[in-house]
Each structure stands twice: as structure tokens, then as C-alpha cells.
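Here are some exercises for you to try with the structure open beside you. Take each task on your own before you read its solution.

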Amino acid sequence: MTRTAPLVDTMGDVDARHLTHGLQVAFHETGLTYPNGTVALEDVTLPVREGEFVAIVGPSGCGKSTLLRLAAGLERPTTGSVAVGTRSVGFIFQEATLLPWASVRRNVGLLTDLARLPKAVRRQRVDHAVEAVGLGGFGDHLPRALSGGMRMRVSLARALALQPEVMLLDEPFGALDELTRQEMQLQLLDLYDREGFTALFVTHSVSEAVLLADRVVVMAPRPGRVRAVVDIDIPRPRGPELRFDPAYVAQVQAVSELLRGEQ
Amino acid sequence: MSSVPVSGAAPRALAPRLTLHVGRLALRSLRGALVPVLALAGGLLAWYGVSYLVLAEDRRFLLPPPHQVWQLSVSDPAHLRPMLEALWITAQVAGIGFVLATTIGVAVGALMAQARWLERVVYPYAVLLQVIPVLAIVPLIGLWFGFSVTARIVVCVMIALFPIITNTHFGFRSIDRGLRELFVLGRASTAQRLVRLELPAAAPSILTGLRIASGQVVIGAIIGDMFFAQGQAGIGTLINTYRAQLRSEDLIAAIGLAALFGLLVFAASVALSSLLVGRWHSSGDRH
């Protein structure tokens, strides 16, 4: 898709000046204070390049999820701006968030249905997405017949069916057991390499962040703010053997130290 | 079926164990059926006991024994037919009342869930409807709607409305926040949200309301029969007449029929639940 579409924010606070060439998401001096006075975010400036994978780590209460919700337009900033360069945004929740009465295929096709895409396109997108997450053959199953990991795959496929240019992932693997979690991380790496979206990935696992991302944003709590941004210079494609790579281990250690910082 | 490639040896080897298993299952279901049969027999025995041991002969008309109810009323077409005809009238009243209460109740419950202020405007009226004793408002209903079938339907609607409204409202309110946000992100229209999220998600709760209402509506129809006796007679009308004429065999038969009808309606609404949401929601499972 060519980038001639107008710059879009999701709620009308667009400040296109900060969404310069090559950027897909731009937080500029973004702040969010709730009506009760709680400062969720303070003065966050974070540009995200097109096609980049950015992970956000931080302790609970540091506003990392809020950052995603702002990008998705589920919240609006009270100061500064958030700009997203596309309307084509996928969002992955912490829970799989599926319609319990609908089959895997109908769940995957939900957002394309809501967008009223032509029927043939919908079918083709759903086929592709279901295959891409390895759920071929489970199309007619109901969510309750699936394991936690498989449900999360359905959730991923649902976002993929939109062919999003930006993917926002809010601790998507937090509720999974360790083994499933590692599987899903590799699956996501694979999808990222093939589908080529821009990703903003919130997690509290440093090792997960370093494994997946080009840049890791370390946040600090009360008020939520960016403490450091670390470039991860590990070439792609990345595989499971990376977990024992000294360069990777060193990066994990560095980010962990930044995260411990001043608590 | 000769094309099915099954080796003959395996099923044969399984056969004795299978028979044993089937036998055990049959025994268990027999034992399962035995309990209700015994309960029924116990009930009839108690009935005979009251008729013959508690009541003296001159007062036996208060509770005639089962076989007498059968002989003098249920098995005699001249007695049974008017009862069945009246029951059919009552069933129609209950049915129309149920459909109206469902339509109004789901609409009001859904409306209340749209905004807090709407809830605060509408809910007190729903509660009012519930706390006004039906018998107290019967004269007013008669004045407004006449003392015939229309008034009976109104009673049905009034008595069935509250559980439908509150359960629908609860169902809409309990929808997962993540799913709601998903529909916001998908830029769903109000109609899409209603049809693809809210109604199906609230269905188990709405059906719970309908199950309660289905019992209420039968009560409402029979009360209606008794107080609005003009026009075609319902089973409640007959029950009143039998009481006045001291026809206790017919009275008991009619009450039994009314109870059977209520049971049938309840069973139908349970079946509806399991048909509509049983596939994905535990409330629709058969217990």
C-alpha cells in the first residue's frame, strides 16, 4: 500500500508534524492524566519507524499498556499527541478475546466482516490467516474446544486477516505456560518476517522483548515515562537457538539492569 | 457397508466386555428410573391415605381418591373435552402474553443497558411493575381493557415482564470489556454491535429470564381466567366454576391439567435454551 493516504490518528488529535517520513507511529510529548489525578503517562516521545518491531517493557503501573491503547484510539492523550500513519491497525489483547459461540473461522473473519469487505476477499483472507498461524483443520472448532495457546493463535489470525500495517500487542503471551509461550514467540517472529507489519509489543518479560524486537523501550512507573531505549543488534531471521547466544544474553542482561535502575 | 476396512477380530474380542458394559449401563438407568417411580407411588399412597384415613366419608369430597378422579373426570370425554378446550384458550393467552413480554422485555432491557441515565429512568418503573401485586391492579386492568381475553393477556405480560427485563439488562451489562473494545476497534455500527456481539453474548442470560417468565406466564393466564371470565372460558375459569359447584373430581383434574401444562411450557423453554446456547454456554447444558 502506498503511503498517500492522509495521516490518521484514531481519535482526532492528529499532529502530523511529528509523523515525518518513514515513521508509522509517533508519540510526541504524550501525557495522560486521569480525571482523578492519576498520571498514567508523562511526556513520552517515541517515534516508531515503518516496519520496525518495538517492544515496551516495564513494571506494572508504568503505563505501557496505556501507550498501546492510545495508539489504538481506545484512550486519548491529555497532553501532547499520538499519530498513527494508517487506519489499518491490528490489536491483540492480553486474553484471546474470542466470541465463544463462533467457530474459529468466524472469529478470524470477524473484523473483515465488520469492515464489510467483499465476500471473496474475506474468505481468502480468513483462509490465509488460519493457515498462517497453523490452525488449518481447526476452522470449525469452537473456542472452548481449544487450548490457551491455540486461542491466542486465533486472536493473532483475526488481526492478520485485516492485513494490518501496524500491529499492537498488549502482553499477548502473558497468560500462557512457558512452553506455549516460547512457541508463540517463534510463531510471531515468523509472522513478522513474512507479513511485514510494524509492531508495538508490550511485555514484562525482558527476554521476550529482546528476542522479538529491534528496539526495546524501558519504562519507569509513577508517573509512567520512558527511562531508556535500547537497540537490539541481532540479525533476522531469529530462531530458538538465539536463547543461548552470548550476544542475546548480554542484551537481556543490559536491559534487565536498566529496568532495575532505580527502584 | 462392505467397503469399510475394519478387521473383524477386534470387535469380536471386545464383545464380552461391551455386553458387560451395556448391562451395567442398563442397570444404572433402571435404578435411575426406579426413584421417580417410587416417588410417584409414594405420592399416590399418601393421597389415598388422606382420602380414606384422614377424611371421614361425609367429608371425602374435599379430596376424592385418585381412582375416583380418574373414573369420574379424566377418563370421561364429556368431562375432559371442555377442560382441554379451556386449556387451549389459556395456552393461547399465555403464548401471546409470552411473546409480547419477550419483545417488550428484551427491548427495554437492551435500552436500559445503553446508558446509565436511561437505566435510572426506566428501572424504577420496572421495579414498580414487579412490586404492584397483580391482584391489586386487577380491577384497574378490567376497567381499562374489559373483562375478557385482552385483560388476561395484559396480566400475563405484566407478570412476566420483570424477569425478562432484568435478565436482559444483566446480560448486556456483563459482556466482556475486551470484546466491546474489539468492536470499537473494528468500527462496528450500532446494528453490527447489537446483532454480532450483544444479543448473542446476552442470550444465555436472556434465556434464563425467559425460563422464569415461562412459569410466570402460565400463572398469569390462569389468574387472568379467574378474574376476567367474559368471553371464551379458560382453564382458570373452569376451576372457579368447579369450585363453586363443589365438583371436586373435576376440580382436581383441572388443576392437574394446568400443572401439566406449566410443566410442558417449562420443559419447552429449557429445551429452547439448550438448542440456542447449549453448544457454547454451560447454562444451556442439560442437567
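Keep in mind as you work that this is a predicted model.

**Exercise 1. A helix on a sheet**

Task: Find which strands of chain A helix α8 (residues 246-260) lies across, and the angle at which it runs to β9(A).

Solution: Start with the helix and look for the strands it covers. Helix α8 of chain A lies across β3 (53-57), β8 (215-220) and β9 of chain A. Next, compare directions: α8(A) runs at about 170 degrees to β9(A). An angle over 145 degrees counts as roughly antiparallel.

**Exercise 2. The order of the strands**

Task: Work out the order of the strands in the open sheet of six strands in chain A, and which strands stand at its edges.

Solution: Reading across the sheet, the order is β5-β6-β7-β3-β8-β9 (chain A), and the pairing is mixed. Now look at the two ends of that order. β5 (89-92) and β9 (225-231) of chain A each have a single partner strand, so one side of each is left without a neighbour in the sheet. Finally, the twist from one strand to the next averages 15 degrees.

**Exercise 3. One pair of strands**

Task: In which sense do β6 and β7 of chain A pair, and over how many bridges?

Solution: A reminder helps here: strands of a sheet pair through backbone hydrogen bonds, either parallel or antiparallel. For β6 (residues 166-170) and β7 (residues 198-203) of chain A, the sense is parallel, over five bridges. To locate the pairing, find Asp170(A), which stands opposite Val202(A) in β7(A).

**Exercise 4. Two helix pairs in chain B**

Task: Describe how α6(B) packs with α8(B), then do likewise for α9(B) with α10(B).

Solution: Two packed helices are described by the angle between their axes and the distance between the axes.

- Step one: the axes of α6 (residues 149-173) and α8 (residues 190-227) of chain B come within 7 Å and cross at roughly 160 degrees. That makes α6(B) roughly antiparallel to α8(B), and the crossing is right-handed. Their contact has 18 nonpolar, ten polar and three charged residues.
- Step two: the axes of α9 (residues 235-244) and α10 (residues 248-277) of chain B come within 9 Å, crossing at roughly 160 degrees. These helices are therefore roughly antiparallel to each other, while α9(B) passes α10(B) in a left-handed crossing. Among the contact residues are Ile235(B) and Leu238(B) of α9(B), with Leu251(B) and Ala254(B) of α10(B). By class, this contact has nine nonpolar, no polar and two charged residues.

Key
Residues numbered from 1 in each chain as written. Chains lettered and ligands numbered in written order. Predicted model: local features only at pLDDT ≥ 70, side-chain atom pairs only at ≥ 80, totals over all residues. Pairing = 2+ DSSP bridges. Helix = DSSP H or I, 4+ residues; strand = E, 2+ residues; numbered from the N terminus. Axes fitted to C-alpha atoms, helices over the stretch in contact; angles between N-to-C directions. Contact = placed C-beta atoms within 7 Å. Parallel < 35°, antiparallel > 145°, perpendicular 65-115°, else oblique. Left-handed = near helix turned anticlockwise from the far one by under 90°. Nonpolar A, V, L, I, M, F, W, Y, C, P; charged D, E, K, R; others polar.
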